[in-house]
Amino acid sequence: MSCSTEHSEIRGVAPQRVWITDVALVTALGENLAATWDGLGAGRSAIVSQPHLAGAWGEANGAAIPFLAQPAQGSRFMPLLERLLKMMPQAPLDSALVTATTKAGVDLLTCLSLQGCQSWEAVLPEALPRQVAMRQGLGGGINISAACASSTIALARAASRIASGRAEVALVVCLDLLTAFVLAGFSALKALSSDPCRPFDLKRSGLSLGEGAAAMLLMSPARARREGRGCRGTILGWGAASDASHLTAPLRDGSGLVRAIELALQQAALPTAAVAAVCAHGTGTRYNDAMELAAFERIFGARRLPLCSVKGAIGHTLGAAGGIEAVLGLKALWERFLPPTCGCRQPEGWAEGRVTSQSMAFDGEVLLSTNSGFGGINAALLLGRGECGP
Amino acid sequence: MRAVIMGLGWITARGAGRPGQSDPFVLAGTVLPAIDQHRLLPRPLPHFGRLDAYTRLGLAATALALRDAGQEAGALRETGIVCTTRYGCLQTDLDFMRSMTVAGGRHPSPALFAYTLPSALVGEAGILFGLTGPAYVTASESDLASLELALESLSLGEARQMLAGWCDAGRPEGFPPGDVFAPGAVICLMTPAGQGSGYGVIDWRSTGGLCFDGTPLRNLADLVVRCIEKGPMAGNEHG
């Protein structure tokens, strides 16, 4: 296991493995996991022009959920959350609740800024745990905001709650919307691609935004067995580390992401060689993808393991990205192949032979999922193959 | 897992301080003081004037906590930070929305957009203090949530030290009426017990929640008051 000397003295506690017993997913590519997975496998992309979200600042393309109606009043946040929760079983009432959203119902701000609106609380990140708790009869919860690493850190926090023995069950819900607000913002930063994004491609030119939601029910193995729930996958380890370098640009040598991955491996007590495949962040920006490839090369060296990004198909779903990608990662582990990296036609550098626009089969039981975000926040999750498919 | 509070700092409408170095801690009032970065931060930030009130507040309280712990100088490798907030960057969100409407909407502000995430605070703190551990912001009904999360991280070896606390510049002006609370920030530095004496020991209660030196903690203000009662950290009397 390659650990830098910087972490040689941190003694991770080999955690109790955390089971994932139930999952649900809604993306622009499909109303559930099966539909999204089929779309990914077929190489489809949901990134299209979104003229209703464009502004004088420019045109907009993105992956909006086509079957999600715009309510006459209020945010699209609630219809998306309700659709997601309908696909999940009732969580046990002693479930810890951890959610991840960066902007919650920010589409409401137009209403607040210009016209006045009574349902303003949906704008606050606390709205997500509050609404989930209310609908599931839970006592309360917390929301994690860590930019594009929010979901991965939410999963890590939920898993650590179980691993430390402070909870037996945890419900994780991740959600973010495609809105004029975020499109205008990323356009102002000149981070958007005018065409659907091309993760890890030599000619990539920026990201494409999307929206979606994911939910996962985590349990200790003992609790899952008592409740007769199957293991759809496991969380084996997690890690988070910061670049401490720049607010909007990643550290080019990838050292923050390297630390996060090393921490995850250390916590899982697994060698690097145990990782069979990688679901990367892969936004399609020049700097993020270059940073990730630099980090992966430091971790995996010359090994040619399959690697993918789903953002060319479903867009960058911001705070929900890690949760959505974790669910897809579990599916990939079960099916034993990674979906195509839509948009990648000519992989750059280290991605060559590892990232393709075709599905890639792999052997092995462990998948690494990574996300990185503004603030130089990096997070990594190690997922294990379950006893039954997600 | 037990952790020690090694340093503590706060900013409220009644002033800035750390135990033994200020007027009594009072979480009251609605108008926060101007943050003097030359007095409070370890080094001036060229872009400090462009930071929103929430970020300035959090950075200043973090600086005070680290100064209180005698750890201001140098990079804090493998130290993480977690902060609880309610309104977070909402004022900046509104400011960015307005920038989407000026000049015909052609020039939304990239400078503002970069701060339309509550986690921009911990990102800036990471850059200023060299924090390479985990960093995120949480929304929770309890202002002790960040300390619980920090304790969890320390117990699992995810970081050597954790900064944890609360930061909120309050409800934006002109926002629809809602609950009113005193804005401010309280940040503490936690290390695993056994690595220093500090103000006292934080631990989990068997019935849930946290205790400090064996007595249940009600909220963050309770922690501050009890640390103040302990007196300044050794070596900080003339800080």
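Here is a short tour of a predicted model, going from the interface between chain A and chain B to the core and then to a single threonine.

**Stop 1: where the chains meet**

Colour chain A and chain B separately and look at the contact zone. You'll find 58 residues of chain A in contact with 57 residues of chain B. Between them the two chains bury about 4,700 Å², with 63% of that on carbon and sulfur atoms. Now pick out A:Trp120, A:Phe181 and A:Leu247: in chain A, these lose the most area to chain B, together 13% of what that side buries.

**Stop 2: polar links across the interface**

Switch on side chains at the interface. There are seven salt bridges between chain A and chain B by the rule used here. For a salt bridge to zoom in on, select B:Glu148 and A:Arg166, whose side chains meet at 2.9 Å, N to O. Polar contacts between the chains come to 16 residue pairs, counting those with both residues at pLDDT 80 or more.

Next, show chain A as a cartoon. Several elements each put at least two residues on the side that touches chain B, including helix 5 (150–163), strand 9 (233–242) and helix 8 (255–268). Which helix of chain A gives the most to that side? Select helix 6: it supplies seven residues, and its range is 180–188. Colour this side of chain A by class and you get 31 nonpolar, 17 polar and ten charged residues.

**Stop 3: into the core**

Time to go inside. The largest nonpolar core holds 165 residues, and those with the most contacts inside it include A:Leu218, A:Ile235, B:Leu147 and B:Met190. Highlight helix 2 of chain B (residues 53–68) too, since its nine residues are the largest share of this core.

Centre on A:Ile235. Setting aside neighbours within four places in sequence, its contacts include A:Arg17, A:Val18, A:Leu155, A:Leu218 and A:Leu382. Then look for a second, separate core of 32 residues; A:Leu183, A:Leu207, A:Phe374 and B:Phe96 are among its members.

**Stop 4: one threonine in chain B**

Finish at B:Thr79, which sits in strand 3 (residues 79–84) of chain B. Is B:Thr79 buried or exposed? It counts as buried, because its relative accessibility is 0%. Its side chain makes a polar contact with the side chain of B:Gln161, at 3.1 Å. Show what else B:Thr79 touches, leaving out residues up to four places away in sequence, and you'll see B:Leu131, B:Thr132, B:Gly133, B:Met162, B:Leu163 and B:Leu189 alongside B:Gln161.

Note on methods
Residues are numbered from 1 along each chain as its sequence is written. Chains are lettered from A and ligands numbered from 1 in the order in which they are written. This is a predicted model: local features need pLDDT of at least 70, side-chain atom pairs count only at pLDDT 80 or more; totals for chains, interfaces and linings use all residues. Side-chain values use heavy atoms; hydrogens and water are left out. A nonpolar core is a set of buried Ala, Val, Leu, Ile, Met, Phe, Trp, Tyr and Cys residues joined through side-chain atoms within 4.5 Å. Buried means under 20% relative accessible area, exposed over 50%, partly exposed in between (1.4 Å probe, protein chains only). Helices (H or I, at least four residues) and strands (E, at least two) are DSSP runs, numbered from the N terminus. Contact means heavy atoms within 4.5 Å. A polar contact is a pair of N or O atoms within 3.5 Å; within protein, one must be able to donate a hydrogen and the other to accept it, and residues adjacent in sequence count only if both atoms are side-chain atoms. Buried area is the accessible area (1.4 Å probe) that two parts lose on being put together, summed over both. A salt bridge is a side-chain nitrogen of Lys or Arg within 4 Å of a carboxyl oxygen of Asp or Glu. Ala, Val, Leu, Ile, Met, Phe, Trp, Tyr, Cys and Pro count as nonpolar, Asp, Glu, Lys and Arg as charged, and the others, Gly among them, as polar.
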